[in-house]
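Subject: Structure for you to look at

Hello,

Here is the structure I said I would pass on. Please open it beside this email, and what I found follows below.

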Amino acid sequence: MQITGCAVSLTVDDVAASSAFFIKHLGFHEAMAADGFASLKRDDAGMNVVLLRRGIEVLPPGFRDQRAAGVIVAFVVTDLAGEERRLQAEGVTITMPLREEPWGERLFQITDPNGVVVELVEWASPPPA
C-alpha cells in the first residue's frame, strides 16, 4: 500500500462554523466544499480536516446522527506558549490551559463552535521512542 494523503473526518452540526474557526484561528484554507461538506488544508499539516454535516447521506446510516465526540485533533507546533497567547488575543477560549505531562509533552486545548477539541502540542524533551 502507498498512502498519498491523510485526513481526519469530523461530523458536526454546523460545517460553516467549524470551517471558519479552523481557517481563522488555525491557518487552514478551504480545499473543497459543497453543501454539508468542507475539506480544509494546510500545506504544512500533513493531513486535511474534513467536516461533514451531521445527517449527511455520505455517512453510513448508523453514523449519520453522531457528532464528533471523544476525539481530539492534535497538532504539534513550535512556540506553544506563543500560540496560546495568539489564540487568547484572538478571543479563543482555552479549554485546557497549558500544562506539561510527566512524559515530556507540553499541551493546551481549545474547542471549536461544534465542540471539536483541538490540542496544540510541543515536546519539552524529545518524544519517547
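Strand S5 (residues 72-76) and strand S8 pair in the parallel sense, with five bridges between them. One pair to look for is Ile72 and its bridge partner in S8, Val117. Please keep in mind that this is a predicted model.

Strand S8 also pairs with strand S7 (residues 105-111), this time antiparallel and over seven bridges. Here you can look for Leu107, whose bridge partner in S8 is Val121. S7 and S8 make a hairpin, and five residues lie between the two strands. Gly115 sits in that turn and has a positive phi of about 90°.

Is strand S8 enclosed or not by the rest of the structure? S8 covers residues 117-123, and six of its seven residues are buried, so the strand is largely enclosed by the rest of the structure. A residue counts as buried when its relative accessible area is under 20%.

The same cut-off helps with a residue elsewhere in the chain. Ala38 belongs to strand S3 (residues 37-41). Its relative accessibility is 2%, so Ala38 counts as buried. What is Ala38 in contact with, leaving aside its neighbours within four places in sequence? The residues are Val15, Ser19, Met32, Ala33, Val49, Val50 and Leu51. Take Val50 from that list: it is 12 residues from Ala38 in sequence, and the two C-alpha atoms are 5.7 Å apart in space.

Now for the chain as a whole. The chain has two helices and eight strands. Along the sequence they follow the pattern β-α-β-β-β-β-α-β-β-β. Of the 129 residues in the chain, 36% are buried. If you take the contacts between residues at least 6 apart in sequence, 45% of them join residues at least 24 apart.

On overall dimensions, the C-alpha atoms fill a box of roughly 45 × 40 × 25 Å along the principal axes. A compact globule of 129 residues would have a radius of gyration near 14 Å, and the value for this chain is 16 Å, which agrees.

Last, the surface and the charges. The accessible surface of the chain is about 7600 Å², and carbon and sulfur atoms account for 53% of that. The chain carries 11 positive and 18 negative charges, and the mean positions of the two sets are 3 Å apart.

Regards

Definitions and conventions. Residues are numbered from 1 along each chain as its sequence is written. This is a predicted model: local features need pLDDT of at least 70, side-chain atom pairs count only at pLDDT 80 or more; totals for chains, interfaces and linings use all residues. Side-chain values use heavy atoms; hydrogens and water are left out. Helices (H or I, at least four residues) and strands (E, at least two) are DSSP runs, numbered from the N terminus. The radius of gyration is taken over C-alpha atoms; the globule rule is 2.2 Å times the number of residues to the power 0.38. Buried means under 20% relative accessible area, exposed over 50%, partly exposed in between (1.4 Å probe, protein chains only). Contact means heavy atoms within 4.5 Å. Accessible areas come from the Shrake-Rupley method with a 1.4 Å probe; for residues, only the protein chains shown count as cover. Lys and Arg count as positive and Asp and Glu as negative; His and the chain ends are not counted. The place of a charge is taken as NZ of Lys, CZ of Arg, CG of Asp or CD of Glu. Two strands pair if DSSP finds at least two bridges between them.
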